[in-house]
Amino acid sequence: MLVAVVEGTFSASPSERDDFSAAVMRHFERELGLALTPERVDRLTGSVPRVEVLGTLREAGQVRTVLIAGLASAGRHAVVTVSAPASRWEELAPQVRASLETFRMEAPAHTGLSNRAAGALAGALAGALVASYTAWRRRRPGASRL
């Protein structure tokens, strides 16, 4: 089982069902160099709305069943990939699906500043430092003017 966290909202809507399945197929072909043969694409609306792509692939002479699930969430979402020998899939499928039903995205551990806010704060502090230094130089008795 592999869980990837992806930035961006995923709603598991009917339109996203088709987009997700196409993205899964492209990913397996282009990035992994594996030919995933799709068997089924389902949109599930249970306690954890998700899109599931079920397929098979041949790896090292073995046929494997692969389930890729995109779980709906706002802000960021999870994509879970489960792979098992095809001969064992029917035995494992109920446990895998039960596990997906209980999956929850947790809130980020920190709520730090965004890059944009940190840049703005750094710019404001640098400007204040320059203004303070300039004012100090002008107040000093006998300070030379530049």
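This passage describes the fold, the sheet, some individual residues and the largest pocket of a predicted model.

The protein chain holds three helices and five strands. Along the sequence, these elements follow the pattern β-α-β-β-β-β-α-α. Of the 146 residues in the protein chain, 27% count as buried. Among contacts with a separation of 6 or more, 46% are between residues 24 or more positions apart.

The sheet is a good place to begin. Five strands make up an open sheet in the order S1-S5-S4-S3-S2, and their pairing is antiparallel. Its edges are formed by S1 and by strand S2 (37-44), each of which pairs on one side only. From one strand to the next, the twist averages 20 degrees. As a general reminder, the strands of a sheet pair through backbone hydrogen bonds, in either a parallel or an antiparallel manner.

The sheet can be followed strand by strand, starting at S1. This edge strand runs antiparallel to S5, and six bridges join the two. Within this pair, Ala4 stands opposite Val79 in S5. On the other side of S5 in the strand order comes S4, and S4 is joined to S5 by eight bridges, again in the antiparallel sense. Here Arg64 faces Pro85 of S5 across the pairing. S4 and S5 also form a hairpin with four residues between the strands, in which Gly75 has a positive phi near 85 degrees.

The pairing of S3 with S4 is antiparallel too and extends over 10 bridges. One of the pairs links Leu57 to its bridge partner in S4, Arg64. Arg64 thus appears twice in the description, as the partner of Leu57 and as the residue opposite Pro85 in S5. At the other edge, seven bridges join S2 to S3 in an antiparallel arrangement. S2 and S3 form a hairpin as well, with five residues between them. Two of the facing positions here involve Arg43, which stands opposite Val51 in S3, and Leu44, which stands opposite Arg50 in S3.

Burial can be read for individual strands. Eight of the 10 residues of S3 are buried, so this strand is largely enclosed by the rest of the structure. S5 is mostly covered, with seven of its 10 residues buried. Thr56 gives a residue-level view of S3, the strand in which it lies. Thr56 counts as buried because its relative accessibility is 17%, under the 20% cut-off for that class. Leaving aside residues up to four places away in sequence, Thr56 touches Ala35, Leu36, Thr37, Glu39, Val63, Arg64 and Thr65. Of these contacts, Arg64 is already familiar as the bridge partner of Leu57.

Two alanines deserve a look for their backbone angles. Most residues other than glycine have a negative phi. Ala12, however, has a positive phi near 60 degrees, and Ala60 has a positive phi near 50 degrees. Both sit in loops, but their surroundings are described by opposite words. Ala12 is located in the loop between S1 and H1, and at 2% relative accessibility Ala12 counts as buried. Ala60 is placed in the loop between S3 and S4, where its relative accessible area of 84% makes it exposed. The hairpin of S3 and S4, to which Ala60 belongs, has two residues between its strands.

The last topic is empty space. In general, rolling a probe the size of a water molecule over the atoms shows where such space is left. The largest pocket of the model has a volume of about 380 Å³. It is lined by 19 residues, and those closest to its centre are Leu2, His27, Phe28, Leu32 and Thr81. Two or more lining residues come from each of strand S1 (2-7), helix H1 (14-31), strand S3 (50-59), strand S4 (62-71) and strand S5 (76-85). H1 provides the largest share, with five residues. By residue class, the lining consists of 14 nonpolar, three polar and two charged residues. Elements of the sheet described above, including S3 and S5, therefore return here beside H1 as contributors to the lining of the largest pocket.

Methods. Residues are numbered from 1 along each chain as its sequence is written. This is a predicted model: local features need pLDDT of at least 70, side-chain atom pairs count only at pLDDT 80 or more; totals for chains, interfaces and linings use all residues. Side-chain values use heavy atoms; hydrogens and water are left out. On a 1 Å grid over the protein atoms alone, a cavity is a set of points where a 1.4 Å probe fits but cannot get out, and a pocket is an open set with protein on both sides within 12 Å along at least five of seven lines; lining residues have an atom within 4 Å of a point. Grid points are joined across faces, edges and corners, and a volume is the space filled by probe spheres set on the points. Ala, Val, Leu, Ile, Met, Phe, Trp, Tyr, Cys and Pro count as nonpolar, Asp, Glu, Lys and Arg as charged, and the others, Gly among them, as polar. Two strands pair if DSSP finds at least two bridges between them. Axes are lines fitted to C-alpha atoms, for helices over the stretch in contact, and angles run from 0 to 180 degrees between N-to-C directions. Buried means under 20% relative accessible area, exposed over 50%, partly exposed in between (1.4 Å probe, protein chains only). Contact means heavy atoms within 4.5 Å.
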